[in-house]
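The following paragraphs lead through selected features of the structure, from the packing of helices to individual residues. Please keep the sequence and the model in view while reading.

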Amino acid sequence: MPARLFLSSGDLVADRRFEFARDLQLKGDFAAAADLLSQATELAPGFISAWFTLGEIREQLGERDAAIAAFRKTLIADPEDRHGASLHLMLLGAEKLSAMPEAYVRALFDQYAPKFEKALVDDLGYRGPALLFKAVLAARQAVRKPAFFKRAIDLGCGTGLAAAAFASEVDHFIGIDLSPRMIERARATGLYAQLEAADMVQGLRDKPDASADLVLAADAMVYLSDLTPLLREVKRVLVTGGLLAFTVETHGGEGVLLGEGLRYAHSACYVRSSISDAGFALARCEDLSARNEDNAPVPGLVVVAVKS
């Protein structure tokens, strides 16, 4: 995983107390760490990273109300929410499920970029692109059509793993990712004709109607709570008969959940109804895991839908 985000307070003493507190937190001395962080926030009341870390520690100590208060202080100090304090408030039941902060996702993957592929493929056994490739081939074979696409869009393209899997079957690839540093890595592959640092929905809004034959989203939907806005834009940019192929993490209940790993999980029923409501025909929806967590497969779905 990426290095932890740190935003300096601008006060050397407060920053040092934060560093000492982090050491104590990692050693499991949460009470002492919380005390030092409280001191740091007294010295620098707008110290974003200290407030956020204090919220985490209060969570670890089982002090729910104090954790909520610290996360709310984080949001006051940083309305963009680069640490993702709002997500912790959702997990604590203090806020309703809502969209993930763009600034958090951008910061997360800007930090993740240098070791993204090693961490994802080597450590987490990531297999999303291969699963999508197999599913798209099967969907095409079922209707006796070739699995070749003139124009494809790779949503949340990251470093280009999905484009690499589909390179032999796509003539012109466009990659969209919120993280500029991920875009830099993707550009180095030479797989994309065009790359854009943008939110997935906004990136699609800039594309003409019926301008793509295939849209991919490998391990990208996990950062969206509501799939509907994206699905509507995908349908608009796809040609008739074009394919949308994506992976999601899932769960056995209803609707959408935010997991402890700060990724959204969408139920199979939710995915199927969202696909139908957006005007797609579902070609495939398979129970397949795209990655591991703690050496165990994360429940997931591999989905292929057709614009009819």
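A crossing of two helices is called left-handed if the near helix is turned anticlockwise from the far one by less than a right angle, and right-handed if it is turned clockwise. The model discussed here is predicted.

Two packed helices are described by the angle between their axes and the distance between the axes. Helix α3 (residues 48–60) and helix α4 (residues 64–77) pack with their axes 8 Å apart, at an angle of about 160°. Angles over 145 degrees count as roughly antiparallel, and α3 and α4 are therefore roughly antiparallel to each other. Their crossing is left-handed. On the side of α3, the contact is made by Ile48, Trp51, Phe52, Leu54, Gly55, Glu56, Arg58 and Glu59. Helix α4 contributes Ala66, Ala67, Ala70, Phe71, Lys73, Thr74 and Ala77. By character, the residues of the contact of α3 with α4 comprise nine nonpolar, two polar and four charged.

Helix α3 also packs against helix α2 (residues 30–43), where the axes come within 9 Å and cross at roughly 155°. By the cut-off of 145 degrees, α2 and α3 are therefore roughly antiparallel to each other. The crossing of α2 with α3 is left-handed. From α2, the residues in this contact are Phe30, Ala33, Ala34, Leu37, Ser38, Ala40 and Thr41. They meet Ala50, Trp51, Thr53, Leu54, Ile57, Arg58 and Gln60 of α3. The residues of the contact of α2 with α3 divide into nine nonpolar, four polar and one charged. Trp51, Leu54 and Arg58 of α3 take part in the contact with α2, and Trp51, Leu54 and Arg58 are also among the α3 residues in the contact with α4.

Attention now turns to two serines. Ser86 belongs to helix α5 (residues 85–91). Its relative accessibility is 16%, so Ser86 counts as buried, the cut-off being under 20%. The side chains of Ser86 and Asp81 form a polar contact at 2.6 Å. When residues up to four places away in sequence are not counted, Ser86 touches Leu75, Asp81 and Pro101. Leu75 falls within the residue range 64–77 of helix α4.

The second serine, Ser179, is situated in the loop between β2 (170–177) and α10 (180–189). With a relative accessible area of 1%, Ser179 is buried. A polar atom of the Ser179 side chain lies 3.1 Å from the backbone nitrogen of Met182. Apart from neighbours within four places in sequence, Ser179 is in contact with Arg106, Phe109 and Asp110.

Backbone geometry provides the final topic. Most residues other than glycine have a negative phi. Ala210 is not a glycine, yet has a positive phi of about 50°. Ala210 is located in the loop between α11 (200–205) and β4 (212–217). Its relative accessible area is 40%, so Ala210 is partly exposed.

Asp294, likewise not a glycine, has a positive phi of about 55°. The loop that holds Asp294 runs between β9 (292–293) and β10 (296–297). Is Asp294 buried or exposed? Its relative accessible area is 72%, and Asp294 is therefore exposed, since the cut-off for that class is over 50%.

Key. Residues are numbered from 1 along each chain as its sequence is written. This is a predicted model: local features need pLDDT of at least 70, side-chain atom pairs count only at pLDDT 80 or more; totals for chains, interfaces and linings use all residues. Side-chain values use heavy atoms; hydrogens and water are left out. Helices (H or I, at least four residues) and strands (E, at least two) are DSSP runs, numbered from the N terminus. Buried means under 20% relative accessible area, exposed over 50%, partly exposed in between (1.4 Å probe, protein chains only). A polar contact is a pair of N or O atoms within 3.5 Å; within protein, one must be able to donate a hydrogen and the other to accept it, and residues adjacent in sequence count only if both atoms are side-chain atoms. Contact means heavy atoms within 4.5 Å. Axes are lines fitted to C-alpha atoms, for helices over the stretch in contact, and angles run from 0 to 180 degrees between N-to-C directions. Angles under 35 degrees count as roughly parallel, over 145 as roughly antiparallel, 65 to 115 as roughly perpendicular and the rest as oblique. Ala, Val, Leu, Ile, Met, Phe, Trp, Tyr, Cys and Pro count as nonpolar, Asp, Glu, Lys and Arg as charged, and the others, Gly among them, as polar.
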